[in-house]
Amino acid sequence: MEPVRIGIIGVGDMGGYHTLGFAEIEQARIVAVADVNERRMEELLAEIPDYPTPIVRYTDYRQLLQRDDIEAVVVAVPQYLHREVTLAALEAGKDVLLEKPMAPTVQEADEIIAAHRGTDRILQIGLVYRYAGLFRKMAELCRGGDYGQTTFMWCKEFRENFPPRAWFYDQRLSGGAIMDKCVHYFDLFNWMIGARAHRVFAMGGQHVIRYGVPHWVECTYSFWEPAEISTSTIVDHAWVIVEYENGARAMQGLCMYLKPPYPGLEVGAITHQGYQILARDDQTLTLWGGPQAVHGQEIEYEEPEAPWVGHIGAHRSRLEFLECVRTRRPPACDPQIGRDAMAIAQAAEMSIAEDRVVYLEELA
Ligand SMILES: NC(=O)c1ccc[n+]([C@@H]2O[C@H](COP(=O)([O-])OP(=O)(O)OC[C@H]3O[C@@H](n4cnc5c(N)ncnc54)[C@H](O)[C@@H]3O)[C@@H](O)[C@H]2O)c1
């Protein structure tokens with residue numbers, strides 16, 4: 001089978017992981033990368049000196065898109081550039097793996113969806129948890145019916161700050177911390193509850209990384225050197241409550257000034273039969289309660305062996321993207337799924353800014 005010939009646009013932290021990740025996959029052949037930062041491209045490609053074919057570097061992504069021998073691209077530039085780059089890629093006839101969030105605003109995401117609708121291209125969104133065995137199993141339990149309907153959910157992500165990249169800390173460029181981080185978790189709520197979100201209330205603000213106060217930002221998982229950030233316009237903590245049309249309720253906690261190490265992500269669901277299904281960042285999935293008083297039964301799930309390049313679910317999302325490109329089947333994480341998660345995030349950002357409950361229909 002001929003490998004799928006791909007290009008990667010934006011090779012910072014996430015695009016770097018994608019480059020190293022796709023380099024491990026036989027069914028993919030990286031033809032070129034594009035980034036405005038030449039040094040970053042050089043240092044990244046030096047990490048795969050034995051790659052079987054030369055990888056061409058471009059500082060202008062449009063040159064990469066002009067290549068007829070590239071079938072598919074990964075878009076991993078910051079989200080304020082997602083619309084521009086994705087529209088150009090679709091226009092050039094490429095299949096696209098677009099990083100989350102699809103854009104800083106739902107309005108821009110809708111423009112991407114409208115442009116995509118007129119094509120027969122694959123457009124997969126990088127909500128990697130959709131591809132993680134842990135959460136696929138959890139969704140199966142939450143949606144399967146054996147334990148009753150999922151009516152109550154929570155997620156906590158208490159973690160270190162974003163990488164020292166100014167755009168993350170600029171509300172207009174990133175869409176905000178809730179938009180950048182919590183689309184993953186709002187998508188888990190949407191998926192597992194299986195209903196449409198109806199309204200959102202959020203509280204949040206700046207405790208530590210504050211506008212006008214110089215803050216030395218280091219990030220353990222980032223390639224970028226530590227830097228001072230003093231003009232952050234995003235929240236560094238928030239609580240977000242989401243109510244669904246079927247009456248289910250979910251709550252998201254985000255804190256972004258914790259110092260590592262820490263127990264990170266936790267996602268929980270309670271069903272109307274009184275079961276609790278709990279996913280933890282040690283990758284365990286356990287079942288509690290219910291009529292039989294289950295005591296933390298460990299649930300097994302299938303997770304194919306994968307090189308650790310980036311993120312839980314990331315490797316499988318790359319494999320499935322290649323499969324979609326080859327077979328033309330639609331991706332497990334499509335643009336509407338990406339947009340639905342963003343709508344909750346934008347409503348939460350609005351709720352904090354305007355100190356009120358926000359109805360999702362306001363974003364229609
Ligand atoms: N799926 C996930 O779990 C996940 C995890 C991290 C980041 N992300 C997303 O990936 C995207 C990138 O995040 P990141 O952390 O890698 O950011 P980053 O700042 O580390 O990388 C962005 C890269 O884009 C490059 N770039 C900027 N303008 C460009 C242009 N015009 N043309 C080409 N390259 C350009 C930058 O030089 C940089 O190397 C964001 O949308 C982010 O939210 C997703």
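Two residues are taken to be in contact if their C-beta atoms, placed from the backbone, lie within 7 Å. The model on display is predicted, and the tour starts from a single residue to which that criterion applies.

**Stop 1: Cys155**

Select Cys155, which is located in strand S7. Is Cys155 buried or exposed? It counts as buried, because Cys155 has 22 C-beta neighbours inside 10 Å, and the threshold for burial is 20 or more. Now display its surroundings. Apart from neighbours within four places in sequence, Cys155 is in contact with Tyr185, Leu188, Gln252, Glu266 and Val267. Of these partners, Glu266 deserves a distance label: the C-alpha atoms of Cys155 and Glu266 are 5.5 Å apart, although 111 residues separate the two in sequence.

**Stop 2: the sheet around S7**

Extend the selection to the whole sheet. In what order do its strands lie? The order is S16-S15-S14-S13-S7-S12-S11-S8-S17, an open sheet of nine strands with mixed pairing. Its edges are strand S16 (294-298) and strand S17 (358-359), each of which pairs on one side only.

Next, walk across the sheet from S7. Strand S7 (residues 150-158) runs parallel to strand S12 (residues 249-255), and seven bridges join them. Two positions help to align the view: Trp154 has Met251 as its bridge partner in S12, and Phe152 stands opposite Arg249 in S12.

Colour S12 by residue to separate its two faces. Ala250, Gln252 and Leu254 make up the covered face, whereas Arg249, Met251, Gly253 and Cys255 make up the uncovered one. Gln252 was met above as a contact of Cys155.

Move on to S11. S11 and S12 are antiparallel and joined by seven bridges; Arg249 in S12 is the bridge partner of Glu243. The two strands form a hairpin with four residues between them, and Gly247 in the turn adopts a positive phi of about 95°.

From S11, proceed to S8. Eight bridges link these antiparallel strands, and Met203 is matched with Trp239 in S11. Finally, S8 pairs with S17 in the antiparallel sense over two bridges, where the bridge partner of Arg199 is Tyr359.

**Stop 3: helices on the sheet**

Show helix H6 (residues 133-144). H6 lies across S7, strand S13 (266-271), strand S14 (275-280) and strand S15 (285-289), and runs at about 170° to S14. Then add helix H10 (residues 335-354), which packs on the sheet and touches strand S8 (197-205), strand S11 (237-244) and S17. The direction of H10 makes about 50° with that of S8.

**Stop 4: the two domains**

Colour the chain by domain. The domain assignment gives domain 1 (4-129 + 313-334) and domain 2 (132-306 + 340-363). How far apart are the C-alpha centres of domain 1 and domain 2? The separation is 25 Å. To the contact, domain 1 contributes 19 residues and domain 2 contributes 24 residues.

Select the side of domain 1 that touches domain 2. The elements giving two or more residues to that side are helix H1 (13-23), helix H5 (106-117) and helix H9 (314-327). By class, that side has 10 nonpolar, six polar and three charged residues.

**Stop 5: the largest nonpolar core**

Select the largest nonpolar core, which has 110 residues. Ile6 and Ile9 have the most contacts inside it. Helix H8 (residues 177-193) gives the most to this core, with 12 residues. Why does this core lie between domain 1 and domain 2? Both domains give residues to the core, so it lies between them.

Centre the view on Ile6. Not counting residues up to four places away in sequence, Ile6 touches Phe22, Ala28, Ile30, Val31, Ile70, Ala72, Val73 and Val74.

**Stop 6: helix H4**

End at helix H4 (residues 82-91). Which residues of H4 are buried? They are His82, Arg83, Val85, Thr86, Ala89 and Leu90. To see what covers these residues, display strand S1 (4-9), helix H3 (61-65), strand S4 (72-75), strand S5 (95-98) and H5, which are included in the cover. H5 also appeared at Stop 4, among the elements on the side of domain 1 that touches domain 2. Just after H4, select Gly93, which takes a positive phi of about 85°.

Technical notes. Residues numbered from 1 in each chain as written. Predicted model: local features only at pLDDT ≥ 70, side-chain atom pairs only at ≥ 80, totals over all residues. Pairing = 2+ DSSP bridges. Axes fitted to C-alpha atoms, helices over the stretch in contact; angles between N-to-C directions. Core = buried A, V, L, I, M, F, W, Y, C linked by C-beta atoms within 7 Å. Buried ≥ 20, exposed ≤ 12 C-beta atoms within 10 Å, placed from the backbone. Domains from an automatic or database assignment. Nonpolar A, V, L, I, M, F, W, Y, C, P; charged D, E, K, R; others polar.
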